[in-house]
There are 2 protein chains.
Amino acid sequence: MDNASLAFRRHNHKHCVNDALHSAVTLCEERGVRLTPLRKQVLELIWQSHKPLGAYALIDLLAAEATRQVAPPTVYRALDFLLEQKLIHRIGALNAFIGCPHPDHSHASHFLLCDECGRAEEIHSKAVSDSIQKAAGAAGFAVTSQSLEVFGLCPDCHKRSSADA
Amino acid sequence: MDNASLAFRRHNHKHCVNDALHSAVTLCEERGVRLTPLRKQVLELIWQSHKPLGAYALIDLLAAEATRQVAPPTVYRALDFLLEQKLIHRIGALNAFIGCPHPDHSHASHFLLCDECGRAEEIHSKAVSDSIQKAAGAAGFAVTSQSLEVFGLCPDCHKRSSADA
DNA sequence: ACGAATATGTTATACTATAACCATTGGTGT
DNA sequence: ACACCAATGGTTATAGTATAACATATTCGT
Ligand SMILES: [Zn+2]
Ligand SMILES: [Zn+2]
Ligand SMILES: [Zn+2]
Ligand SMILES: [Zn+2]
């Protein structure tokens, strides 16, 4: 079954969280890196929704859970780890972070970002990746990473705004 | 002749600056908006190179020219104007701004960014734009703006790093 | 247990961006 | 010319994002 691309659809989000945490545990074991309680907690909080979460919002959530200290360097270090392991992506235009739904294979950061509801959906289009690679190659440019941030309205918000007659 | 895509090539950069300023004057006249001395000066400073320039670097440059006051809100307002008029683009991953080489027609913000030398080249590939539009459309997403930031090594820096044997 | 490496806690600070308010400028209509 | 209003820029303070530097604690191999 295709589990991808459901951020904008009605779905059982518990599955998203469980899958993400389970994948993270497995991958970190395989890679011999430590998904510590703090790192896991940060990952779980990021996955609490499909909306990119800012570092300081995350700090507030950690403070609310009140289980541990929450100074900025602590959370930024956890975010750095999760970014290195490709368990999360950073949305540059929003200074925010979002969980990666399939961290098992390396891939570029390509997102649809709804201006209205704030939800983000990661897209995986070979046509997009290939066309970017090709355009870069034509310029003699050796790509190491890509970030695509597409803003607009998700299906729900688009319908809703059309309904406002 | 094709004047595009020369950020990574040897070229007479004075032409870039002159063209950009001339286009800006013309477009602002046509649009009935005011390219004030401050705004023009900021645009010219941004065009001093093909490297994205941070707002505070810009403030330092303005202070160096010593011709006017340079508090952050002043320069951010000028940047906002230039962004609205599409005379510059913002590079989210760098918190920096760069001149648009052809502000006369609206277009997405697609850049190649060299990790080594810092130069940025705007790319215009119909294949890229179309594939993004198509992917978004398939998800029922109504696009309003796009930002693509491709990191890697420009031809020069790639050659140079290959030479380090 | 010991030491090295990794991870986290803590304090301070750097960097990026905006809010709020005031003075000045530039055009509009009379 | 004059009053008027909108747009621009100056000024001060503050919000929001991220990291430097150093201390402490934990983990892991030996
Ligand atoms: Zn979900
Ligand atoms: Zn939405
Ligand atoms: Zn040039
Ligand atoms: Zn380069």
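Colleague: Let's start with strand β4 of chain B, residues 109-114. How many of its six residues are buried?

Modeller: Keep in mind that this is a predicted model. Buried here means under 20% relative accessible area. In β4(B), six of the six residues are buried, so the strand is largely enclosed by the rest of the structure.

Colleague: Which residues sit on each side of β4(B)?

Modeller: The general idea first: side chains in a regular strand alternate between the two faces of the sheet. In this case, one side of β4(B) carries Ser109(B), Phe111(B) and Leu113(B), and the other carries His110(B), Leu112(B) and Cys114(B). Every one of these is buried, so both faces are covered.

Colleague: And in which sense does β4(B) pair with β6 and with β5 of chain B?

Modeller: Strands in a sheet pair through backbone hydrogen bonds, and they can do so parallel or antiparallel. With β6(B), residues 142-153, β4(B) pairs in the parallel sense over six bridges. With β5(B), residues 120-122, the pairing is antiparallel, over three bridges. Leu112(B) is a handy residue to click on: it stands opposite Val150(B) in β6(B) and opposite Glu121(B) in β5(B).

Colleague: What is found between the strands of the β4(B) and β5(B) hairpin?

Modeller: There are five residues between the strands, and Gly118(B) in this hairpin takes a positive phi near 85°.

Colleague: Which residues other than glycine have a positive phi?

Modeller: Most residues other than glycine have a negative phi. Two cases to look at are Asn95(A), with phi near 50°, and Lys86(B), with phi of about 60°. Asn95(A) lies in the loop between β2 (88-91) and β3 (96-99) of chain A, and at 42% relative accessibility it counts as partly exposed. Lys86(B) is in the loop between α4 (72-84) and β2 of chain B; with a relative accessible area of 38%, Lys86(B) is partly exposed too.

Colleague: Back to sheets. What is the strand order in the open sheet of three strands in chain B?

Modeller: Read across the sheet, the order is β1-β3-β2, with antiparallel pairing. That leaves β1 (53-54) and β2 (88-91) of chain B as the edge strands, each pairing on one side only. Between β1(B) and β3(B), residues 96-99, there are two bridges, and Gly54(B) has Ala96(B) as its bridge partner in β3(B). Helix α2 (residues 37-46) of chain B lies across all of β1, β2 and β3, at about 90° to β3(B).

Colleague: Now the metals. Which residues coordinate the zinc ion (ligand 1)?

Modeller: List the donor atoms, then check the angles. For ligand 1 the donors are His11(A) (NE2), His13(A) (ND1), Cys16(A) (SG) and His50(A) (NE2), at 2.0 to 2.2 Å. Their angles are 103 to 119°, which makes the arrangement tetrahedral. Along the chain the spacing is H-x1-H-x2-C-x33-H. Cys16(A) lies in helix α1 (residues 13-31) and His50(A) in the loop between α2 (37-46) and β1 (53-54), so the pair ties together parts that are 34 residues apart in sequence. Both Cys16(A) and His50(A) are buried.

Colleague: And what coordinates the zinc ion (ligand 3)?

Modeller: His11(B) (NE2), His13(B) (ND1), Cys16(B) (SG) and His50(B) (NE2), at 2.0 to 2.2 Å. The angles of 103 to 118° make this arrangement tetrahedral. For accessibility, Cys16(B) is buried at 12%, whereas His11(B) is partly exposed at 26%.

Key:
Residues are numbered from 1 along each chain as its sequence is written. Chains are lettered from A and ligands numbered from 1 in the order in which they are written. This is a predicted model: local features need pLDDT of at least 70, side-chain atom pairs count only at pLDDT 80 or more; totals for chains, interfaces and linings use all residues. Side-chain values use heavy atoms; hydrogens and water are left out. Donors are N, O and S atoms within 2.8 Å of the metal (3.2 Å for Na, K and Ca); water is not among the atoms, so sites may look incomplete. Four donors count as tetrahedral if all angles lie between 85 and 135 degrees; four count as square planar and six as octahedral if opposite donors are over 155 degrees apart and all others between 65 and 115; anything else is irregular. Buried means under 20% relative accessible area, exposed over 50%, partly exposed in between (1.4 Å probe, protein chains only). Helices (H or I, at least four residues) and strands (E, at least two) are DSSP runs, numbered from the N terminus. Two strands pair if DSSP finds at least two bridges between them. Contact means heavy atoms within 4.5 Å. Axes are lines fitted to C-alpha atoms, for helices over the stretch in contact, and angles run from 0 to 180 degrees between N-to-C directions.
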